[in-house]
Amino acid sequence: THTILEALYRGRFVSRFTNRYYHKRGHLVTIQWSGQWDAAEQLLYCLGHDAEIDMGLEQLQQQFNRMIKEFNAKLSETIERVTDGVCSLDKDWRFTNVNNAALRILRMPKAALLGKVIWEVFPEAIGSVFEQEYKRCFEQQMPVCFETYYPEPLNQVFEVNAYPSRTGISIIFRDITAKKEVDEEMHKLSLIVKHTDNIVMLCDSSGRIKWVNDAFERKTGYTSGEAAGKRPGDFLAGPETDLGVIER
């Protein structure tokens, strides 16, 4: 304390020094001080407060730092478990994080991505939907979702969700190439079923119509909307209908 007082009287501003005093009731109180000597006024100005508050704040800060560290570890573990590709780009479009699923989908080692500019690693993305949507995501600070094809060397169709932050964007993506091929085949089959001259009905487990094709509408006169939810016998059967056939 004597050394600190000497420094104060020499005109130095001294902060965050502590000492302890006995309270009237006998217990010790720790005070943290800041002080400044005013030569013109010949006065020593000091401000003191309970050091326990600072100690409590420091403990809270340490606890908060531990929680953040644990949260980041759990987040990284979760990201590595997901089957979707996850990566992050900074505002200079450099990869800052890539999970293992992304490496498998892109068929690239982590060293080929981290720290690299996305447009240099994937030049075919320049001028494509990828570039347009990623830049829109960051510049307008809004999430984007899209599907698009990336040519050689990947030859894959991707479903992409991108989310912005002030420092870059986070991207979640999956390879849907196989799904798109199946969807295309199913679409072709549905067109065949829809336009065939044979009547086609789809019914649920209770026998109620879910869908009918064009041939059904042409040959019965009932539209798909009129048939939906009904059993065929409810409106197609008549007085001369063979009940045995219906039962069978």
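## Helix α6 and its salt bridges

K188 is partly exposed, with a relative accessible area of 41% (partly exposed lies between buried, under 20%, and exposed, over 50%, with a 1.4 Å probe and protein chains only). K188 pairs with E184 in a salt bridge whose closest N and O atoms are 3.9 Å apart, a salt bridge being a side-chain nitrogen of Lys or Arg within 4 Å of a carboxyl oxygen of Asp or Glu. Because E184 and K188 are four residues apart in helix α6, about one helical turn separates them.

The model is predicted, so that local features need pLDDT of at least 70 and side-chain atom pairs count only at pLDDT 80 or more, while totals for chains, interfaces and linings use all residues. Residues are numbered from 1 along each chain as its sequence is written, and side-chain values use heavy atoms, with hydrogens and water left out.

## Links between distant parts

The structure holds nine salt bridges, one of them between R174 and E159, with the closest N and O atoms 3.8 Å apart. This pair joins distant parts of the chain, R174 lying in strand β8 and E159 in strand β7, 15 residues apart. R174 and E159 also belong, with D84, to a network of salt bridges.

## The cavity lining

The largest cavity, a set of points on a 1 Å grid over the protein atoms alone where a 1.4 Å probe fits but cannot get out, has a volume of about 180 Å³, taken as the space filled by probe spheres set on the points, which are joined across faces, edges and corners. Of the 14 residues lining this cavity (an atom within 4 Å of a point), the closest to its centre are L106, I118, F122, F130 and Y134.

Key. 1 Å grid on protein atoms, 1.4 Å probe; cavity = no way out; pocket = protein on both sides within 12 Å on 5 of 7 lines; lining within 4 Å. Helix = DSSP H or I, 4+ residues; strand = E, 2+ residues; numbered from the N terminus.
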